[in-house]
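Here are a few exercises to work through with the model open in your viewer. Try each task before reading its solution.

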Amino acid sequence: MKEVALALCYYRSWRYWVNAIWAAVEWSRVPVDVVPMEINRIPFFDYLSRLLRKYRTVVLGISFLTTQLPQILDLMRLVKEFRAQLPNDRRLIVVAGGPHATGDPLGTLKIGFDIVVYGEGEATIVELLERVLDEPHELPRVCGTAWMEDSYVVLKRRLKPVDLDKYPPFPYWRKRFGPIEIMRGCTSACYFCQVSFMFGRPRYRSVYSVVEASQHMLKAGLLDLRFVAPNSLGYQSPDGIKPNHSALEELLFKLKKLASSYGGRIFFGSFPSEVRPDSVDRECAAILKRYVDNKRIIVGAQSGSEKILRYIHRGHTVEHVLNAVEILRDYGFVPEVDFIFGLPGEDEEDVNKTVSVMQKLASMGARIHAHTFMPLPGTPFHDYPPGKVDRRIKKVIAKLIGAGKAY
């Protein structure tokens, strides 16, 4: 019987975290076998039973978003039933991670998880697995995790943030690839968003590390390079907002030179990342024009009301949004502008202002991406009710969608 397996269970819509954890574990040379398990694609519990016959201990890792909570509740109910049939349920350690678990460790533990990885996962999961190897009969309790003791939550924070250059963004040696995370953390602390509260101040993957990861992708025949950042134009900036033009150009210049040699393309400031409107200036737009292949840039506006922008701690104004769209259009891009309806504190006047700004942006050539507010655990707005959109506003948005100016 082998010692330990780390089974990483994921839904296809939320899968890139698997790459980061898998890469961290194998890059750190922890002697465990990493086993990816895509939920709904395999006979989950038959597969888990086979792992328990093969390994002394199986660490079942599940990272999830708040939107996935109903699915996780169903899954954990079945996991509890499965564990009840095991002669020794300590051979299966169920670990939660990700935004929801970090925002609500108590609620996550109560639904049946043994341990919550709180915040960044790379260093924590490596230490946790090392503890499982050294102390096979004990529940691993390391910095960066939370667990239950006598109906109380014990939380040991990991004070030192992860150096992104210490770990590859994906296990390229396993032919597993995805968008490259170039920035983690944010100074804005918007009250509806988990990023600042999970990760703190921004940190960056170095140009060398980003280019190296990109080369592995291109060599494997994956020719479209995409990147993850809370604000792509904040790359290597002290505050993550005011652009560092020289660092941005160095990164994109080197990526373009590399990608061109393989016939590859660069997608920057588009999904799965975005840009802040107060980071957009003509120098940034010119840099993007020179090097990137995408024509669409995602701009986070969130509201057309100055009152709401202040209330949600957004840190920019409506004028920043209008200015960003104008600049991007001047340089040939199509801005796709995010708005959230139903934010806390929003009244009818605020909604009307947002609709007015949306219509103005649409007339300027932007596309609108409409959202409804969802309270997320670990944010200042976590106790507010979900947002509602009345029929009148839905009709306005439907009309924009019909004209191809919103989605």
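**Exercise 1.** Which helix gives the largest share of the lining of the second largest pocket? Keep in mind that the model is predicted.

*Solution.* Start with the space itself: the second largest pocket holds about 290 Å³. Next, look at its centre. The pocket is lined by 16 residues, and the closest to the centre are Glu120, Arg158, Leu159, Met198 and Phe199. Now go through the lining by element: helix H7 (residues 195-199) supplies the largest share, with three residues. Finally, sort the lining by class, and you get seven nonpolar, six charged and three polar residues.

**Exercise 2.** Work out why one side of strand S13 and of strand S15 is left without a neighbour in the sheet.

*Solution.* Write down the strand order: S13-S14-S15, an open sheet with parallel pairing. S13 (296-302) and S15 (367-372) are at the edges and have a single partner strand each, so each has one side with no neighbour in the sheet. From one strand to the next, the twist averages 25°. Then zoom in on one pair: S13 and S14 (residues 334-341) run parallel and are joined by six bridges. To find your place, pick glutamine 302, whose bridge partner in S14 is phenylalanine 339.

**Exercise 3.** Decide how compact the protein chain is for its length.

*Solution.* Count the elements first: 14 helices and 15 strands. The radius of gyration is 22 Å, close to the 22 Å from the globule rule for 407 residues, so the chain is as compact as a globular protein of that length. For the extents, the C-alpha trace spans about 65 × 50 × 40 Å along its principal axes. Lastly, check burial: 54% of the 407 residues are buried.

Notes
Residues numbered from 1 in each chain as written. Predicted model: local features only at pLDDT ≥ 70, side-chain atom pairs only at ≥ 80, totals over all residues. Heavy atoms only, no water. Pairing = 2+ DSSP bridges. Helix = DSSP H or I, 4+ residues; strand = E, 2+ residues; numbered from the N terminus. Axes fitted to C-alpha atoms, helices over the stretch in contact; angles between N-to-C directions. 1 Å grid on protein atoms, 1.4 Å probe; cavity = no way out; pocket = protein on both sides within 12 Å on 5 of 7 lines; lining within 4 Å. Points joined across faces, edges and corners; volume = space filled by probe spheres on them. Nonpolar A, V, L, I, M, F, W, Y, C, P; charged D, E, K, R; others polar. Rg over C-alpha atoms; globule rule 2.2 N^0.38 Å. Buried < 20%, exposed > 50% of the residue type's maximum accessible area, 1.4 Å probe, protein only.
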